[in-house]
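Colleague: Could we go through this model together, one question at a time? I am new to reading structures, so please take it slowly.

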Amino acid sequence: MSTSNTLIPSGVPGLDDVLKGGLRPGHLYFVEGSPGTGKTTFGLQFLLEGVRRGERCLLITLAESPAEVGVIADSHGWSIEGLELRDLVSSDEIHSTALFDLSEIALDDRVQAALAEMDDLKPQRLVLDTLAALRVYSDQSSNFRRHIELFRSKAVELGTTLLVTDEASGPVERHPRSLAWGIIRMEQRVNDYGPGRRWLWLPKLRGQPYVGGFHDLRIETGGLRVFPRLETDRPSAPARDGLISSGSEPLDALLGGGLERGTSVGIIGPPGCGKSTLVSSFAMAAAERGERVALYAFDESLTTFRKRALSQGLDIDAALDSDLLTLRQIDPGQVAPGELARELAGEVDCSKTQIIIIDSLNGYLQAMPNDPSINLQVHDLLSYLSAHGALTLVTLAQPSPLNRQEGLSVDLSYLTDTVIAQRYFEAGGSIRYALSVMKKRYGDHERTIREYKIGTGGVIVGEPLSEFRGVLTGLPEYLGEDKPLL
């Protein structure tokens, strides 16, 4: 039977997006990973997808007994009815599905028996789990490779899509990777505290384009789910179809009329200076205009966020009831960066959300501890959202007497198109607040520093502090006549 150019679905949500369509039938694929990465679960999902489509599917197991496979399936709520199962691991004759005993029959005989089983059933999908259990019975790498070549040739002859699971470690010379049409690698990292992180990548795939790089992976009830890395090859120039108002005329004046759609904005400042209040003001103004806003909170609960908004006179309940405002509380220890990026992409792709707010970037980065690619991952996310016409606002807490974050290496000038700085300053024996636009990539803006305060309606912006010098240092010098501040 000749192989088809039509790709078949893998059965793993998100993986076909990485593969840009699915797997090519009639070829051999290795699924590699250390113990516990989900290789057997992957194989079962692949086979059960075939069963669902009415295909003949066969699982040959070398590591788990049929009872153990049943336990895995039950844990995900799956029925294995319709799946052909052959047990090559058990020597106990009580297992009626056992073809042979590994301790009694030579490797060549076992391989030939498996090939005969393929000839008899002619499966459209086959999973051999796991190659590591078969390798221990072969002393010569050349002989072992010859047996894998037999499996590959038979798969091509029958048009069978063959997945072989294997351990990621081991001598390179004992692994016939060159025979594979594609290799899918699954990895995991255990953190010092909290859940670990899993990801998937493709070291090799012939004959078709795919999304390179690492893709976050989750194992949950129901199986594996892949969150493909966002591709940013689309044009990322801002959609110039008007400015978005903050709802405050003085703030809009500072911003040169407002913020452009399809751009990203970083709001920096020490804790307690009103960053969350500022983005809330943008959110409420947009909802009042009938635009959809999604706010992702990392640093405070939604109950606290709502109470603060109500205390400032913001009608947040009306916006929530109208579905124009969506609030989402995120635990960075439970949500992988790729998973969150995909959710944010869905906001602009499916829900047509115009404004995305991440409060704060510090919390988002907690999901990527000690990751040297932090800036690149955040840049790809913001570029994707911008390319789809969304305005993205991210807050970032900077070091102050209340916090120390010397280890946080984030370059907002590189990541965002606009940077708004909020600062404390001392005047007349009290703490005041100053606001300025440090950078705006598209369009002009005021170069002044304005005072602001937090009151009814959110952030209230005053006149430029033209008679002060050194406001950004926190210790300004007053140069003018005695004039009241806000």
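Colleague: Which residue in strand 16 is the bridge partner of Gly-266?

Modeller: Good place to begin, and keep in mind that this is a predicted model. Strand 12 and strand 16 run parallel and pair over 6 bridges. In one of these strands, strand 16, the residue that bridges to Gly-266 is Val-394.

Colleague: And on strand 15, which residue has Val-394 in strand 16 as its bridge partner?

Modeller: Strand 15 also pairs with strand 16 in the parallel sense, over 4 bridges. Strands of a sheet pair through backbone hydrogen bonds, either parallel or antiparallel. The residue whose bridge partner in strand 16 is Val-394 is Ile-358.

Colleague: How many residues of strand 16 are buried?

Modeller: Buried here means under 20% relative accessible area. In a regular strand the side chains alternate between the two faces of the sheet. On one side of strand 16, Leu-391, Leu-393, Thr-395 and Ala-397 are buried, and on the other side so are Thr-392, Val-394 and Leu-396. Strand 16 is therefore largely enclosed by the rest of the structure, with a buried count of 7 of the 7 residues.

Colleague: Which strands stand at the edges of the sheet?

Modeller: The sheet is open, has 9 strands with mixed pairing, and follows the order 14-13-15-16-12-17-18-19-20. An edge strand has a single partner strand, so one side of it is left without a neighbour in the sheet. The two that fit are strand 14 (325-329) and strand 20 (458-464).

Colleague: By what angle are neighbouring strands of this sheet turned against each other on average?

Modeller: Here the direction of each strand is ignored. The average turn between neighbours in this sheet is 25°.

Colleague: Which residue in strand 20 stands opposite Lys-453?

Modeller: Strand 19, residues 450-455, pairs with strand 20 in the antiparallel sense over 5 bridges. Opposite Lys-453, in strand 20, stands Ile-460.

Colleague: At about what angle to strand 16 does helix 13 run?

Modeller: Helix 13 covers residues 374-387 and lies across strand 12, strand 15 and strand 16. Helix 8 (residues 275-288) also lies across several strands, including strand 16, to which helix 8 runs at about 165°. For helix 13, the angle to strand 16 is about 150°.

Colleague: Stepping back, what percentage of the residues in the protein is buried?

Modeller: The secondary structure of the protein comes to 14 helices and 22 strands. Its accessible surface is about 21500 Å², with 50% belonging to carbon and sulfur atoms. Of the 486 residues, the buried share is 53%.

Key: Residues numbered from 1 in each chain as written. Predicted model: local features only at pLDDT ≥ 70, side-chain atom pairs only at ≥ 80, totals over all residues. Heavy atoms only, no water. Pairing = 2+ DSSP bridges. Axes fitted to C-alpha atoms, helices over the stretch in contact; angles between N-to-C directions. Contact = heavy atoms within 4.5 Å. Buried < 20%, exposed > 50% of the residue type's maximum accessible area, 1.4 Å probe, protein only. Areas by Shrake-Rupley, 256 points an atom, 1.4 Å probe, with all protein chains shown as cover.
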